[in-house]
Amino acid sequence: MPKITYIAVDATETVLDLPVGTSLMRGALTNDVDGIVGQCGGFAQCATCHVYVDPGDLGRLEPMEEEEDGMLDFTVCARADNSRLGCQVKVTDALDGLVVRLPESQA
């Protein structure tokens, strides 16, 4: 299973082995990672699963869909060039070693 690292604002790292096909949001919620809310359940309707992907890893992700791009304008913490919604990023073998940073707040 691919390893995904979540880094909290306080620099606490949580490394998880996630099954292929799981979203970054679902992986975080299932494993009690603080900092991901996922209020809408993964439908790109709330932006409470906002993450910052390490810039060097962006090229490994599937391209962002229009719905996700629009929803990122409504995140609580500032959107950045490396912002993604965790519910829209599905784990693949190619994402082994992916690092995502969590914003200061989701709500």
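**Strands, core and loops: a short walk through the model**

Let me begin with a pairing at the start of the chain: strand 1 and strand 2, the latter covering residues 13-17, run antiparallel and are joined by 5 bridges. Please keep in mind throughout that what we are looking at is a predicted model. Within this pairing, tyrosine 6 stands opposite threonine 14 of strand 2, and the two strands form a hairpin that has 5 residues between them. In the turn of that hairpin you will find alanine 11, whose phi is positive, at about 80°.

Strand 1 has another partner, for it also pairs with strand 5, this time in the parallel sense and over 4 bridges. Here threonine 5 is the residue that stands opposite valine 99 of strand 5. How many of the 5 residues of strand 1 are buried? The count is 4 of the 5, so strand 1 is largely enclosed by the rest of the structure.

That brings me to the interior. The largest nonpolar core is made of 25 residues, and those with the most contacts inside it are Ile4, Tyr6, Leu24, Ile36, Leu85, Leu98 and Val100. Two or more residues of this core come from each of strand 1 (3-7), helix 1 (24-30), strand 3 (50-53) and strand 5 (98-101), and it is helix 1 that gives the most, with 3 residues. As general background, nonpolar side chains tend to be buried together in soluble globular proteins. If you follow valine 100 and leave aside its neighbours within four places in sequence, you find it in contact with Thr5, Tyr6, Ile7, Leu24, Val51, Tyr52 and Val53.

Now to the loops. Two residues in the loop between helix 1 and strand 3 are worth showing together, namely aspartate 32 and alanine 44. Aspartate 32, although not a glycine, has a positive phi, near 55°, and alanine 44, likewise not a glycine, has a positive phi of about 55°. Which of them is buried and which is exposed? Aspartate 32 counts as exposed because its relative accessibility is 67%, and the cut-off for exposed is over 50%. Alanine 44, by contrast, has a relative accessible area of 3% and is therefore buried.

Finally, please look at aspartate 57, which is placed in the loop between strand 3 and helix 2 (66-71). Aspartate 57 has a relative accessible area of 13%, so it counts as buried, the limit being under 20%. Leaving aside its neighbours within four places in sequence, aspartate 57 is in contact with Gly97, Leu98 and Val99.

Terms used: Residues are numbered from 1 along each chain as its sequence is written. This is a predicted model: local features need pLDDT of at least 70, side-chain atom pairs count only at pLDDT 80 or more; totals for chains, interfaces and linings use all residues. Side-chain values use heavy atoms; hydrogens and water are left out. A nonpolar core is a set of buried Ala, Val, Leu, Ile, Met, Phe, Trp, Tyr and Cys residues joined through side-chain atoms within 4.5 Å. Buried means under 20% relative accessible area, exposed over 50%, partly exposed in between (1.4 Å probe, protein chains only). Contact means heavy atoms within 4.5 Å. Two strands pair if DSSP finds at least two bridges between them.
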